[in-house]
Every structure is written in C-alpha cells, then in structure tokens.
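Colleague: Before I rely on the descriptive words used for this model, I would like to go through them with you and hear what each one rests on.
Modeller: Gladly; put your questions one after another, and I will set the values against the cut-offs.

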Amino acid sequence: MPDSDDDTPVSFDDDEEERMERLLDDTEYDAELGVEMAKDAQRVAAGELSEAAFYRRYHEDVLEEFGEDDRELTGLLDDAGGEGFGDRLSGLADDEDLSRREVLKKGGAAAVALGLFASVDDGTAAAQQGDDEDGPRYGMTINLNNCDGCLACVVACNEEHGTSAGANWMYVFTYEDDHQGDENFLVRPCQHCTDSPCTKVCPVGARHTREEDGLVLTDYEICIGCRYCEVSCPYGVNYFQWGEPDVPESEIDDDHQIDDRGRWVGARPPEGVMGKCTFCVDRQDGQMGEEKVGTTACEEACAMDAIHFGDLDDPESAPNRHLREYREQQDNDMQFPNRKEHTVSTFELMEERGTEPNVRYIGNEPSPHAEQVEGPVSYEDAGIVDNRKEEVLDNGAMAGDGGEEA
Ligand code: SF4
Ligand code: SF4
Ligand code: SF4
C-alpha cells in the first residue's frame, strides 16, 4: 500500500490512529488500507490532496480488496484534468469483456465524473455527481444556548428509527470547559457534510450523497460492513449494527425504509451494516405525510426550541429564520454594552476540516480541553444505553468509540 505524507496540517495523533485500527480490526477487511484511506479522505476534504491523487493512490488496492472501486468522488472532473487520468480510465472501457455497467463499477464515480459515459440510465451517475441545484439542501441550525440537556431528542430519534441499544444517532454531550463553565451541551447528529470523507472511502458506493437534497445516506442493501466510513468521519456519528437489530424487520414499515428512489436507506440498519442519522429521510420523502416534510423527530421532541431543520437554500426556512433572528437580537444587544455578556458565537463543528457541515451551531464550540461530564438527565435515567461516556471532546477523541452496540 502506498505511504501517505504525514507532514500535512490535518494530523492524527497516536490515539486516533489506534482507535481507527481497533475499529477496523473487528472487520474482515484490510484495516491498514482503511486507516490510510480515512486519513487521506480527510486531507481531500481539507484541500490538502486532490481527489484524483486520492483515487489513483488507492484504486489498485481497493480493487484488490473489494473487487470493485465505486467510491463517490465528485470533484474528480475538476482536479483530474491534464493528468492523463481520463485515458487511464478509458483503458478500462476498452477491455473487451467489460460492459459499460461493469466499467462504471470498476472506475466508479471517477468514470462518471470524467464524463467517459454520456448517459447512464440507472441513476448512478447522477447520484454520484452531486446535488441537484433546484432541490432543497437540508440542514440544521442548533441553538446550544437553548438546550437544557433533557435528552428528549435522543429518545425520539431512537424510537422513531428503531435503533438498537447504544446506537444513538443523535447524541448530546454535557461537558465542562475552562472558559465556559461546568455545564455546556453539544447536540450532535450526523453533519450531512457537503464534502464528506465518509462517502469518499466507501469502496462499494453504499455511503452516498442523495442528489435531490444533499442527504448523506447508507444504502443498506449495498453496504458490506467494512466500517471505512466510520473511521473516516471526524465526528464519530456512525454506528455499526453488530447483531440482530433490537427491532425486528416485521415491525418496520417498508415506507420508512425505502426512499423515493427505491433504495433501502431508512430506519435502523440490518445486521452487519452501518447506520447513522438520516435527517429522517422518510419524513423528507413525504412517507409520514406532507405535513412532516421539512421536519425531524429530534426537532419535534425538543421543547426548548434548540433544533431547527429545513432547506438551507431557502432564506425563510426554519434554520435560516432562527439564525437571522438570533443575529438581529445579537446586533440589538451590542447596542447595550451591559447586555453584551448575553452574546455568543456561531460556528460549524471542526470547520477547519473542510467537510462543509450542513449543521450550524449557535453557542460556543467546545475547546480541545472540554471534558464530558454527567448531564442533568443521565442516559441511564432516560432509558438509553450510552457507550460514549467519559470521552474528552478534543479532535481525536471526539469521534469516540461508536458502534459498540449491545
Ligand atoms: S458527519 Fe456524517 S456526512 Fe460528515 S463525514 Fe461523518 S458520517 Fe459523513
Ligand atoms: S461500512 Fe458500508 S457504507 Fe461504510 S464504507 Fe463500508 S461498505 Fe461503505
Ligand atoms: S434528524 Fe432524524 S435521524 Fe437525524 S438525529 Fe434527528 S431524529 Fe435522528
């Protein structure tokens, strides 16, 4: 396997690498390849490595390990130009035994992005090329100042999606931080990143970005459980389904599982497959009624008005309105210096990683010295299994163990 350049600004300490290796050692797939790809996918997001270089660096190894290379690398067309890369992929198509579909599988997103095939009728190309400019771009504004740590969002998400014990797609950290006092909250779903490392490493194209609205989803039918997406995610939001799910298949309606493209991406995953927050994809597809489109279970359960979900491209959507009103209030407060202490910042989680999260926060970002503490309502008291306790919220440990389901 090729060596990576470790002298780049996105760095990984020993603990982080150890955590990645430990997670991947539990799978039947090449752990070393997964760790190197995860680190480099984050470098791609941070603009330190081109997608073409990333593709080339791992193409042979991915083919050897998985028999296909269907990674979603949507920026390839932009950064592969002039490097003769297109010729190399065209060479694949010249192989007389390969059908167009097989070449797509082998060359994956790269072949599509390079325009080697003018049209593909199975929707794969469009899905891999990125978002639809006319559709919504779903995201959230989470106002951490409003959160009181009640965990209602966590409970609601678990119940609606039938997740197994320990798989908390929504997670609320209570933490202590030097500059913020002793009870602060971080409310953390999947960030549905626009430049997501998890989609770049998935060898089979199971983890993908839905073209019509930017949701980052896992196709449960395609996922082979290699866990590469989990280790590549800087936010630690993935949960591997180890055994039989707690909620059996018979108790979940098809409507909540199959999305409007006919792909199995909703509700809890089956055994051996990766799960995470879906931004309540079944709601967005109208499967819970038109009135639930543009809403999420966690938002609905929050009595403190902390979670605001909607189309980030619509200035009048709930997340944009909330942010605007907050900023207007902040401007107002600035005119009265004695009220200044009420003003706080807005941020995106680990913005420097370049993942372009579609979740924006109002409040203070946890510093690298933040420490998780027991919240006002413990996970145990809320009837939730929590395998992420006692983490330190720095960039390394932020990702946590994840996936340690019962
Ligand atoms: S936060 Fe979600 S979209 Fe972003 S890298 Fe992690 S799993 Fe992927
Ligand atoms: S665990 Fe599944 S979704 Fe994740 S990278 Fe592997 S095949 Fe893709
Ligand atoms: S958006 Fe939906 S899937 Fe995601 S954390 Fe909230 S309730 Fe769970």
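Colleague: What percentage of the 406 residues in the protein do buried residues make up?
Modeller: Bear in mind that this is a predicted model; in it, buried residues make up 48% of the 406 residues. The protein has 13 helices and 11 strands, and among contacts between residues at least 6 apart in sequence, 69% join residues at least 24 apart.

Colleague: Why is Glu 36 called buried?
Modeller: The term requires 20 or more other C-beta atoms within 10 Å, and Glu 36 has 20 C-beta neighbours inside 10 Å, so Glu 36 counts as buried. Glu 36 belongs to helix H2, and its C-alpha atom is separated by 9.4 Å from that of Glu 17, which is 19 residues away along the chain.

Colleague: What makes H1 and H2 oblique to each other?
Modeller: The axes of helix H1 (residues 14-25) and helix H2 (residues 31-45) cross at roughly 135 degrees and come within 9 Å. Angles over 145 degrees count as roughly antiparallel and those from 65 to 115 as roughly perpendicular, while angles under 35 count as roughly parallel; the pair H1 and H2 falls in none of these classes and is therefore oblique. The crossing of H1 with H2 is right-handed. On the H1 side the contact is made by Glu 17, Met 20, Glu 21, Leu 24 and Asp 25, and on the H2 side by Ala 31, Gly 34, Val 35 and Ala 38. By class, these contact residues divide into 5 nonpolar, 1 polar and 3 charged.

Colleague: And why are H2 and H3 described as roughly antiparallel?
Modeller: H2 and helix H3 (residues 51-66) pack at an angle of about 160 degrees, with their axes 11 Å apart; the class takes angles over 145 degrees, and H2 and H3 are therefore roughly antiparallel to each other. Their crossing is left-handed. Here Leu 33, Met 37, Asp 40, Ala 41 and Val 44 of H2 meet Glu 51, Phe 54, Arg 57, Tyr 58, Asp 61 and Glu 65 of H3, and this contact has 6 nonpolar, no polar and 5 charged residues.

Colleague: What makes helix H8 mostly covered?
Modeller: In helix H8 (residues 152-161), 8 of the 10 residues are buried, namely Ala 152, Cys 153, Val 154, Val 155, Cys 157, Asn 158, Glu 160 and His 161. The buried residues of H8 pack against strand E2 (171-177), strand E3 (181-188), helix H12 (297-301) and strand E8 (307-311). After H8 comes Gly 162, with a positive phi near 65 degrees.

Colleague: Why is Thr 174 called buried?
Modeller: Thr 174, which lies in strand E2, has 20 C-beta neighbours inside 10 Å and so counts as buried. Its C-alpha atom is 4.6 Å from that of Phe 185, although the two are 11 residues apart in sequence. Leaving aside residues up to four places away in sequence, Thr 174 touches Gly 149, Glu 183, Phe 185, Gln 372, Val 373, Glu 374 and Gly 375.

Colleague: Which residues surround ligand 3?
Modeller: The shell around ligand 3 consists of Cys 157, His 161, Trp 169, Met 170, Pro 189, Cys 277, Thr 278, Phe 279, Cys 280, Thr 296, Ala 297 and Cys 298, and H8 and H12 each supply at least two of its residues. By class, this shell has 9 nonpolar, 3 polar and no charged residues.

Colleague: How do you know that Phe 279 and Cys 280 are buried?
Modeller: Phe 279 has 24 other C-beta atoms within 10 Å and is therefore buried, and Cys 280, with 29 C-beta neighbours inside 10 Å, counts as buried too. Phe 279 is placed in the loop between strand E7 (274-275) and helix H11 (281-284), and Cys 280 lies in the loop between E7 and H11. Neither is a glycine, yet phi is positive in Phe 279, near 55 degrees, and in Cys 280, about 50 degrees.

Colleague: How many residues surround ligand 1, and how many surround ligand 2?
Modeller: Around ligand 1 there are 14 residues, the closest being Cys 190, Gln 191, Cys 193, Cys 198 and Cys 233, and the shell has 8 nonpolar, 5 polar and 1 charged residues. Around ligand 2 there are 14 residues, the closest being Cys 202, Ala 206, Cys 223, Cys 226 and Cys 229, with a shell of 10 nonpolar, 2 polar and 2 charged residues.

Notes
Residues numbered from 1 in each chain as written. Chains lettered and ligands numbered in written order. Predicted model: local features only at pLDDT ≥ 70, side-chain atom pairs only at ≥ 80, totals over all residues. Near = placed C-beta within 6 Å. Nonpolar A, V, L, I, M, F, W, Y, C, P; charged D, E, K, R; others polar. Axes fitted to C-alpha atoms, helices over the stretch in contact; angles between N-to-C directions. Helix = DSSP H or I, 4+ residues; strand = E, 2+ residues; numbered from the N terminus. Left-handed = near helix turned anticlockwise from the far one by under 90°. Contact = placed C-beta atoms within 7 Å. Buried ≥ 20, exposed ≤ 12 C-beta atoms within 10 Å, placed from the backbone.
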